[in-house]
Amino acid sequence: SPQASGSNILVSYNLPNGITGTYTIGSPFSLTAASFTMAMGQSVLITASGVTIAYDPTASGAQTLATVHNATVTSPEFTQFPSANLPDFVLRTDGFSFSSFTLTANTPLTFGNDILSATGATLSASNVDVDFGDATTAPSVSGTISLALTGLKLFPTGNFVQIQATSVTGTYSFSNFDGADPSGELQLTIT
């Protein structure tokens with residue numbers, strides 16, 4: 001039930017199917033989300049609770065919507081990775097940024113219906129800043145995302161062909177990022 005006090009409005013309502021319709025809000029506002037989830041493809045999921053989101057429709061230019069000092073990052077696609085803390089996640093009207101996280105799995109991993117296997121993996125990201133751009137600014141991504149695999153095997157259970165590598169390191173290049181389509185390139189070094 002909505003509650004109002006002066007110029008501050010606290011609304012509590014359970015919306016199982018989300019909010020639909022058109023709403024016009026002409027002055028600055030904030031709301032607190034009990035839970036916050038942001039997916040980056042199927043590889044990374046960021047979650048947090050008690051997130052306050054603020055917006056001023058009268059402000060010009062990009063503005064910070066929320067700063068989350070203690071979010072959690074997981075990888076739904078690679079469930080062997082444990083979760084990690086994601087400090088200083090910032091959601092803006094033009095994108096998002098975060099300082100760093102590292103996901104490390106020291107257990108055997110398999111990929112692509114057992115086509116690839118590895119004895120360990122580390123996925124790291126640091127100083128990531130995504131800007132979706134606007135009419136005057138081109139979309140951009142900065143920061144570093146890297147993957148290191150140890151004990152990599154191609155066709156590990158194959159009886160005819162098996163290929164092994166001591167280590168594989170990779171970095172993800174966003175040089176073709178256009179702000180809309182998944183665009184990037186994984187560059188691998190195999191030893």
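**Exercise 1. Strand E6 and its partners**

Find how many bridges join E6 to strand E7 (residues 84-86), and which way the two strands run.

*Solution.* Step 1: in this predicted model, three bridges join E6 to strand E7, and the two run antiparallel. Within this pairing, Val 73 stands opposite Ala 84 in E7.

Step 2: now turn to E4. Three bridges join E4 to E6, and these strands also run antiparallel. Here Ile 46 stands opposite Val 73 in E6.

Step 3: look at the two faces of strand E6 (residues 71-74). Ala 71 and Val 73 make up the covered face, while Thr 72 and Thr 74 make up the uncovered one.

**Exercise 2. An aromatic pair between E3 and E4**

Work out what kind of pair the rings of Phe 29 and Tyr 55 form, and why.

*Solution.* Step 1: begin with the search of the whole structure, which finds four aromatic pairs. One of them is the pair of Phe 29 and Tyr 55, with ring centres 6.1 Å apart and planes at 65 degrees. Planes over 60 degrees apart count as edge-to-face, so the Phe 29 and Tyr 55 pair is edge-to-face.

Step 2: place the two residues. Phe 29 lies in strand E3 (residues 29-40) and Tyr 55 in strand E4 (residues 44-55), so their pair ties together parts that are 26 residues apart in sequence.

Step 3: check how accessible each residue is. Phe 29 has 30% relative accessibility and therefore counts as partly exposed. Tyr 55, at 33%, counts as partly exposed.

**Exercise 3. A tilted pair and its cluster**

Describe the pair of Phe 36 and Phe 89, then decide: are Phe 36 and Phe 89 buried or exposed?

*Solution.* Step 1: the ring centres of Phe 36 and Phe 89 are 6.1 Å apart with 50 degrees between the planes, and this pair is tilted.

Step 2: Phe 36 lies in strand E3 and Phe 89 in strand E8 (residues 89-92), so the pair ties together parts that are 53 residues apart in sequence.

Step 3: both Phe 36 and Phe 89 are buried. Together with Phe 96, they form one aromatic cluster.

**Exercise 4. A nonpolar patch**

Name the residues that make the nonpolar surface patch of about 510 Å².

*Solution.* Step 1: the patch is made by Ile 115, Phe 155, Phe 160, Val 161 and Ile 163.

Step 2: pick out Ile 163, which is found in strand E14 (residues 163-173). Its relative accessibility is 43%, so Ile 163 counts as partly exposed.

Terms used:
Residues are numbered from 1 along each chain as its sequence is written. This is a predicted model: local features need pLDDT of at least 70, side-chain atom pairs count only at pLDDT 80 or more; totals for chains, interfaces and linings use all residues. Side-chain values use heavy atoms; hydrogens and water are left out. Rings of Phe, Tyr and Trp (its six-membered ring) pair if their centres lie within 6.5 Å; planes under 30 degrees apart count as stacked, over 60 as edge-to-face and the rest as tilted. Helices (H or I, at least four residues) and strands (E, at least two) are DSSP runs, numbered from the N terminus. Buried means under 20% relative accessible area, exposed over 50%, partly exposed in between (1.4 Å probe, protein chains only). Patches are made of residues with over 30% relative accessible area and no salt bridge: like charges are joined within 9 Å, nonpolar side chains (Val, Leu, Ile, Met, Phe, Trp, Tyr) within 5 Å. Accessible areas come from the Shrake-Rupley method with a 1.4 Å probe; for residues, only the protein chains shown count as cover. A salt bridge is a side-chain nitrogen of Lys or Arg within 4 Å of a carboxyl oxygen of Asp or Glu. Two strands pair if DSSP finds at least two bridges between them.
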